[in-house]
Amino acid sequence: MRVVVADDSVLLREGVVRLLEDSGFEVVGQAGDAVDLLRKVNAHKPDVAVVDIRMPPTHTDDGLRAALEIRKQHPDTGVLVLSQYVEESYALELVGDSAGGVGYLLKDRVADVDRFVDSVKRVAQGGSALDPEVVAQLVGRARREDPLDELTPREREALELMAEGRSNTAIAEHMVVTERAVEKHVTSIFGKLGLVPASEDHRRVLAVLTFLRS
Amino acid sequence: MRRALWCLAAAGFVFGVIDLALILTSEFAPDRELSTALGLLIGWGFVGAGLFAWARRPDNRVGMLMTATGFAWFLAGLSLSDIPLLFVIGAAFGSLYFATAIHMLLAAPQGRLQSRSEKRIVGLGYVLTALVVPVLFVFVDPERDMECVDCPENVLYIASSETLVRVVSVAVNFVGLLLVVFVLVSLVLRLLRASAPERRLYAPVYAAGVALMITLIAILVLQSTSVSNEADGVVSTVALVPLALMPYLFLASFVRARMFQTGAVGELIARLGEAPHPGDLRDALAQALGDPSLELVYWLPDDKRFVDAVGAPFDLPSDGSGRAVTKVEQEGECVAAIVYDAMLRDARDHVRAVGAAAALALKNERLDAELRAKVGELRSSRQRMLSIGLEERRRLERDLHDGAQQRLVSMALNLRVARDKLRDEPDAAEGLLEGASHELDAALAELRELARGIHPAVLSDRGLDTALETLASRAPVPVELAALPGERLPEAVELAAYYVVSEALTNVAKYADASHAVVDIGRDNGRLVVAVSDDGVGGADPEQGTGLRGLADRLAVIEGRLEVDSERGRGTKITARIPCG
């Protein structure tokens with residue numbers, strides 16, 4: 001899989017590049033700022049771009065803006081944004097109205113190599129990868145009448161994993177249950193929250209996010 | 001009211017004429033010419049001056065007491081009559097006017113007795129002169145006990161008891177002496193303690209009172225020692241002089257008060273024309289009102305409080321503090337207040353006139369006071385900001401030291417030990433590395449939170465709306481964002497508004513025990529109005545604790561204001577008004 005990596009910190013960028021190359025990715029371009037990133041993506045049309053939020057020129061959310069631009073211009077290129085902060089509003093903005101080929105992770109997740117690589121792959125293949133912290137924020141939001149109270153603890157866990165963008169297989173593995181049991185949980189969750197069941201994982205993510213942000 | 005007073009005036013006049021007729025026809029009255037002339041002068045003087053003051057100030061009892069003294073005086077005059085019944089009445093109630101005069105002197109100038117001891121003394125005076133002496137009179141044989149050979153007979157006479165009359169007379173005289181000494185002392189004290197306006201207006205009255213009391217003491221002493229009848233007579237006549245002067249002195253002080261008032265306003269207006277320097281205005285008003293203790297305080301509409309000329313907060317005095325307050329308004333808006341000696345309270349209209357004349361100058365000086373208040377406030381809020389800043393740095397240092405730094409140190413140790421064990425005990429090394437990895441995660445999470453606390457990146461990236469959405473979603477109680485600005489604002493304004501909501505929501509979570517909170521942000525007159533309300537227990541006190549105080553200080557730096565409305569049991573509403581372009 002072909003990747004473009006953008007981060008103004010050379011140390012971190014090199015680290016991510018090495019990690020991805022070790023895991024079998026082909027890093028086709030590296031960028032140190034948002035403008036450079038857009039140019040490289042235009043030129044290489046990679047499967048996925050791994051983008052740090054805070055980058056020159058303004059050192060605010062240039063990376064996020066560039067990521068949104070990429071999603072608009074190159075729907076086939078997945079975008080995985082790395083952030084110093086858990087900022088669920090950024091994640092929601094990034095997802096917009098499609099959770100396909102998009103990810104938002106805390107920067108320190110790169111240290112957990114296997115999961116990070118898994119997330120990059122998922123996004124490159126058109127899936128989604130939301131940071132558990134972001135999901136926890138969204139789920140844990142104080143609500144006046146919380147329909148989430150209806151869920152059992154296991155269902156809640158399944159909901160969070162689902163929102164992260166994981167497949168039923170991954171959820172089953174994580175919860176140490178059968179895929180069949182996961183399917184049952186998912187059906188129950190959608191029933192309790194009044195959501196229309198979705199077949200693809202990333203559509204499921206959007207449905208859950210839409211529910212959580214309302 | 002007016003008719004009743006006219007009737008009293010007529011009655012007083014007739015009473016005087018009757019007295020005159022009785023004295024002129026009397027067989028035994030001594031020193032007829034002098035006592036007749038002085039007697040009429042005193043009686044009519046008290047009644048006339050008393051009724052004048054009564055009519056002018058019906059709420060002040062001095063006029064009434066003066067009138068009563070006049071009538072009591074005429075009553076005493078009856079004792080010079082030849083007609084037995086009138087003689088007896090006059091003689092029995094002949095000392096009543098002492099009681100009313102004492103009452104009047106102690107009640108002046110406000111018309112009220114000031115202390116309990118004064119009330120007791122006056123009461124005692126009435127008991128002696130209206131009860132004890134008249135009752136005693138049934139035992140009095142004028143010839144024997146009054147050494148009055150020509151007097152008519154005592155028609156009330158029922159029994160003779162020379163000893164009783166002697167003893168009681170001495171006792172009455174002695175108590176009377178104590179009474180008079182008390183009044184003398186209080187009058188002297190009043191003279192000494194009088195404020196400037198009081199002294200200017202009432203010193204002559206007090207002085208006459210003092211003179212009267214001294215002569216009364218002389219009379220009483222002479223009577224009880226009975227040195228010589230002649231000396232007694234002379235002193236009695238001398239005592240009539242301050243008594244005769246008293247109503248006219250009262251009248252004079254009353255007229256003086258009016259006179260200086262009208263003159264002073266003209267003078268003040270002339271002085272104001274000379275464009276006074278700050279502070280001169282107070283002096284000009286103090287002079288115009290003749291009260292050196294006068295204070296000028298200015299109303300700050302923004303802060304809803306008064307400040308003095310140097311901008312220090314000022315609480316208006318309460319009733320009964322000896323100070324009176326008159327507010328100065330211009331175009332229906334309070335500009336300032338004049339705080340002055342309560343003795344001038346009767347001249348309230350005059351103070352108002354002086355205030356009105358000075359209103360424009362006051363308005364200018366208020367701006368000055370407002371500036372000083374603001375400078376003072378800024379200075380102290382800068383001090384507090386400085387200490388808050390220091391405190392925050394200390395806290396950051398502590399958090400870094402106790403948190404992330406400790407974790408990194410322990411991780412470094414683990415890594416070193418793991419390296420040493422890698423060859424020989426790979427399992428132990430793996431466990432250590434695992435632990436180090438957890439420490440690292442925790443350290444990163446802590447650093448992230450710390451950085452967010454120092455400055456929320458999303459605020460500068462995306463502005464207030466997004467930052468508040470995040471803040472609301474993290475709050476442990478449901479937060480409704482009723483209205484948000486919907487646009488980017490100057491950075492300082494956004495930051496201030498963010499901290500207001502953040503601090504308010506923190507308080508809601510910590511203390512309010514609320515089921516939900518509402519954030520409402522709007523614009524009013526060039527200001528951003530940030531309101532956070534909850535339905536919790538209320539009772540938040542901005543003076544307690546550093547949170548709200550620190551918030552007010554942060555706001556003060558950008559000219560913002562904080563209001564806390566937190567009645568116990570009614571929830572809390574925190575409103576910040578931040579100037580924004």
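This report covers a helix of chain A, a strand group of chain B, the nonpolar cores and the interface in a predicted model.

## Helix H6 of chain A

H6(A) spans residues 132–140. Its buried residues are Val134(A), Val135(A), Gln137(A), Leu138(A) and Val139(A). Residues three or four places apart on an α-helix point the same way, because a turn takes 3.6 residues.

The buried residues of H6(A) have packing partners in both chains. In chain A they pack against helices H4 (88–95), H7 (153–164) and H10 (201–213), and against strands E5 (102–106) and E6 (128–130). Chain B adds helix H16 (464–474). The N-terminal end of H6(A) is capped by Asp131(A). A side-chain oxygen of Asp131(A) sits 2.9 Å from the backbone nitrogen of Glu133(A).

## Strands E6, E7 and E8 of chain B

Strand E6(B) covers residues 479–483, and strand E7(B) covers residues 517–524. The two run parallel and are joined by four bridges. Val479(B) has Ala517(B) of E7(B) as its bridge partner. Helix H17(B), residues 491–512, completes a β-α-β unit with E6(B) and E7(B). That unit is left-handed.

E7(B) also pairs with strand E8(B), residues 527–534. Here the sense is antiparallel, over eight bridges. Asp524(B) has Arg527(B) of E8(B) as its bridge partner. Two residues lie between the strands of this hairpin. Asn525(B) takes a positive phi near 55° there.

## Nonpolar cores

The largest nonpolar core holds 89 residues. Which members touch the most other members? They are Leu37(A), Tyr104(A) and Leu159(A) from chain A, with Leu464(B), Leu528(B), Val530(B) and Ile578(B) from chain B. H17(B) gives the largest share of this core, eleven residues. Another core, of 60 residues, lies apart from it. Among its members are Phe46(B), Leu96(B), Val180(B) and Leu220(B).

Val530(B) touches residues from several parts of chain B, leaving aside those up to four places away in sequence. Its contacts include Ala497(B), Val500(B) and Val501(B). Asp520(B) and Ile521(B) are also touched by Val530(B). So are Ile574(B), Thr575(B), Ala576(B) and Ile578(B).

## Interface between the chains

How many residues of each chain are in contact? Chain B supplies 17 and chain A supplies 21. The area buried between them is about 1800 Å². Carbon and sulfur atoms give 44% of that area.

On the chain B side, Arg448(B), Asp461(B) and Arg462(B) lose the most area to chain A. Together they make up 37% of what that side buries.

Notes:
Residues numbered from 1 in each chain as written. Chains lettered and ligands numbered in written order. Predicted model: local features only at pLDDT ≥ 70, side-chain atom pairs only at ≥ 80, totals over all residues. Heavy atoms only, no water. Buried < 20%, exposed > 50% of the residue type's maximum accessible area, 1.4 Å probe, protein only. Contact = heavy atoms within 4.5 Å. Polar contact = N/O pair within 3.5 Å; in protein donor to acceptor, adjacent residues only side chain to side chain. Pairing = 2+ DSSP bridges. Right-handed = clockwise from strand over helix to strand, strands pointing away. Core = buried A, V, L, I, M, F, W, Y, C linked by side-chain atoms within 4.5 Å. Buried area = accessible area lost by both parts, 1.4 Å probe.
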